Amino acid sequence: MTLSLSFLLVFAFYSCPFFTSTEGRVVHGLTKHKHLHIVSQISLPPVPAPAPQATSPSYIAGFPTPEPSPTRVFNVLSFGAVGDGSSDDTQAFKMAWDAACQCQTELSVLLAPVGYSFVILPTIFAGPCKSGLVFQIDGTIVPPDGPESWPTKTSKRQWLVFYKINEMSLQGGGVIDGRGEKWWNLPCKPHKGMNGRALLGSCDSPVAIRFFMSSNLTVQGLIAKNSPQFHFRFDNCQNVLVEMLSIKAPALSPNTDGIHIENTNNVHIYNSVVSNGDDCVSIGAGCHDVNIRNITCGPSHGISIGSLGIRNSRACVSNVTVTDSVIKHSDNGVRIKTWQGGYGSVSEVTFNNIHMDTVRNPIIIDQYYCLSKKCANQTSAVYISDISYINIKGTYDVRSPPLHLACSDSVPCSNLIFSDIELLPAKGQFVADPFCWNAFGDTQTVTIPPLSCLSEGIPRFGDQTIVDQC
Ligand SMILES: *[C@@H]1O[C@H](CO)[C@@H](O)[C@H](O)[C@H]1NC(C)=O
Ligand SMILES: *[C@@H]1O[C@H](CO)[C@@H](O)[C@H](O)[C@H]1NC(C)=O
Ligand SMILES: *[C@@H]1O[C@H](CO)[C@@H](O)[C@H](O)[C@H]1NC(C)=O
Ligand SMILES: *[C@@H]1O[C@H](CO)[C@@H](O)[C@H](O)[C@H]1NC(C)=O
């Protein structure tokens, strides 16, 4: 069969939108034989059912249903993908996406099968789609190799974008390999091994996977590695479940955050392992109702809320819980960082049952976050309140105090609660004096080290102080 003929057949059998649902059923029946024929030719593996709901909390409404039928599978090989690691498979993915997205069935599966490595140029997979979608990666997907091979006139800030999708699961046993090395080595990046950082806004590098203005999303099971920049970024999304991910990049790879969320609500991040060169999970402005559980981070820069309030912006973050996690060999453990001069607030945050292993700043609030050393102090600040640190134990790297609470001069932190804190030096001398500045709250149990620098009670705010509680 020639390639073009097979394309035609594929189109006849895989395109849903030309048929009404009744006709669709008939056509489906009639073409069953051919359909199976094509299937056997490309040895399509059985469609893996979405992960059993038993492992996901059943109270999250709206994720792709586990009912697999009627399911239509759109294998990228049937759309001309080669998967040899060098041919450009972008068109095949786009066609498979369009077919899956337009298919009026309960669930459409776009399949990138095991045993192949697909090269995909920067692409926006746009919705809305007519059905729930599974983007099943069992093989490997890779972008062009480095900035030289990136298509000109294409944004260098993102590789694969999912835009305006409701109900999609990105899943599989495969690998998303961002081939970041040539990006990390760009001369504008902070030099390997140095403490400096790239200047803001310079040196664009692509986020590997971005979900934008989408909802009811699941990302599970995949290995994502060596992204040029963030591995996953969710912005302006709702109802997100991330689980069983493995994210890996070298400890000195710049800005390779594992999972970044921004303006995104109702987010659940579970059972994943991240080692990388920047934040393990970072939570930006506009996020609320975020639940992170059973994450192992490290080496990394820990779990961060922020940075918030850059260029006098307003940031609101609330109801964030991080529980049952491990942070090891990292610059920071749990961190809240804000710039001088912001507005808004961070509130109702709980860090509970977190084990630290050789972490430089296990617990840190930094309201003087600044990359250039040239940030003037300002009178406004993001207001930090109602933050609980419970059962945080383990070891720190003695180069910095294990508790560092640097709150704003004009807008003190309030109601910081500490309970069952036990942090010991990984090696070397016990650091007896944590750092506090304008930090108000309460220790409910004796902390190790003692947190006598914490101010008791409720701070007084100056008459001119703007406390913007969002
Ligand atoms: C997400 O799913 C829920 C529950 O099925 C649904 O009510 C909601 O409309 C969906 N979100 C969007 C933006 O469609
Ligand atoms: C925690 O996550 C790991 C994967 O990182 C998983 O193997 C383990 O079963 C999870 N533990 C619990 C209690 O869910
Ligand atoms: C906090 O977020 C969780 C999801 O992580 C949600 O179930 C809960 O209702 C939220 N609480 C409040 C008070 O909004
Ligand atoms: C900003 O304020 C902090 C706390 O009062 C102080 O330690 C720091 O030196 C100030 N920075 C500048 C640039 O004035």
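This note sets out, point by point, the main features of a predicted model of one protein chain.

1. **Overall make-up.** The protein chain contains five helices and 28 strands. Of its 470 residues, 47% are buried. Among contacts in the chain with a separation of 6 or more, 76% are between residues 24 or more positions apart. Several of the points below give individual examples of residues that are distant in sequence and in contact in space, such as Leu-222 with Ile-137.

2. **The largest nonpolar core.** This core has 111 residues, and the members that touch the most other members are Val-76, Ala-96, Ala-100, Leu-110, Leu-133, Val-317 and Ile-384. Strand E23, residues 343-366, gives the largest share, ten residues. The core lies between domain 1 (23-43 + 69-278) and domain 2 (280-470), because both domains give residues to it. As a general background, nonpolar side chains in soluble globular proteins tend to be buried together.

3. **Ala-96 within the core.** Ala-96 is one of the core members with the most contacts to other members. Apart from neighbours within four places in sequence, Ala-96 is in contact with Phe-74, Val-76, Phe-79 and Leu-110. Two of these partners, Val-76 and Leu-110, also appear among the core members that touch the most others.

4. **Val-320.** This residue belongs to strand E22, which covers residues 314-338. Val-320 has 23 other C-beta atoms within 10 Å and is therefore buried, the cut-off being 20 or more. Once residues up to four places away in sequence are set aside, Val-320 touches Ile-283, Val-290, Ile-305 and Val-349. Val-320 and Val-267 stand 53 residues apart in sequence, while their C-alpha atoms are 9.3 Å apart in space.

5. **Leu-222.** The loop between strand E12 (215-220) and strand E13 (223-225) holds Leu-222. Although placed in a loop, Leu-222 counts as buried because it has 27 C-beta neighbours inside 10 Å. Its contacts beyond four places in sequence are Ile-137, Gln-171, Gly-172, Gly-174, Ile-176 and Leu-245. From C-alpha to C-alpha, Leu-222 and Val-175 are 6.0 Å apart, with their positions 47 residues apart in sequence.

6. **The annotated position His-301.** UniProt, in an unreviewed entry, places the feature "active site" at His-301. In the model, His-301 is found in the loop between E20 and strand E21 (303-308). His-301 is buried, since 25 other C-beta atoms lie within 10 Å. Beyond its neighbours within four places in sequence, His-301 is in contact with Asp-278, Asp-279, Ser-330, Asp-331 and Asn-332. The annotation comes from the record, whereas the contacts are computed from the model.

7. **The surroundings of ligand 2.** Asn-271, Ser-272, Val-273, Asn-294 and Thr-296 are the residues around ligand 2. Strand E18 (265-275) and strand E20 (287-297) are the elements that each give two or more residues to this shell. The largest share, three residues, comes from E18. By class, the shell has one nonpolar residue, four polar residues and no charged residues. E20 also borders the loop in which His-301 is found.

8. **Cis peptide bonds.** The peptide bond from Gly-127 to Pro-128 is cis, with omega near 0 degrees. Pro-128 is found in the loop between strand E5 (123-126) and strand E6 (132-137). Another cis peptide bond joins Ile-448 and Pro-449, with omega about -5 degrees. Pro-449 lies in the segment after strand E28 (439-443).

9. **Positive phi angles.** Asn-216 is a residue other than glycine with a positive phi, near 55 degrees. It is placed in strand E12, and Asn-216 is buried because 21 other C-beta atoms lie within 10 Å. Asn-236 is likewise not a glycine and has a positive phi of about 55 degrees. Asn-236 sits in the loop between strand E14 (232-235) and strand E15 (238-243). With 16 C-beta neighbours inside 10 Å, Asn-236 counts as partly exposed, because this number falls between the limits of 12 or fewer for exposed and 20 or more for buried.

Definitions and conventions:
Residues numbered from 1 in each chain as written. Chains lettered and ligands numbered in written order. Predicted model: local features only at pLDDT ≥ 70, side-chain atom pairs only at ≥ 80, totals over all residues. Near = placed C-beta within 6 Å. Helix = DSSP H or I, 4+ residues; strand = E, 2+ residues; numbered from the N terminus. Nonpolar A, V, L, I, M, F, W, Y, C, P; charged D, E, K, R; others polar. Contact = placed C-beta atoms within 7 Å. Core = buried A, V, L, I, M, F, W, Y, C linked by C-beta atoms within 7 Å. Domains from an automatic or database assignment. UniProt positions renumbered as here; feature names shortened; annotations may be inferred.
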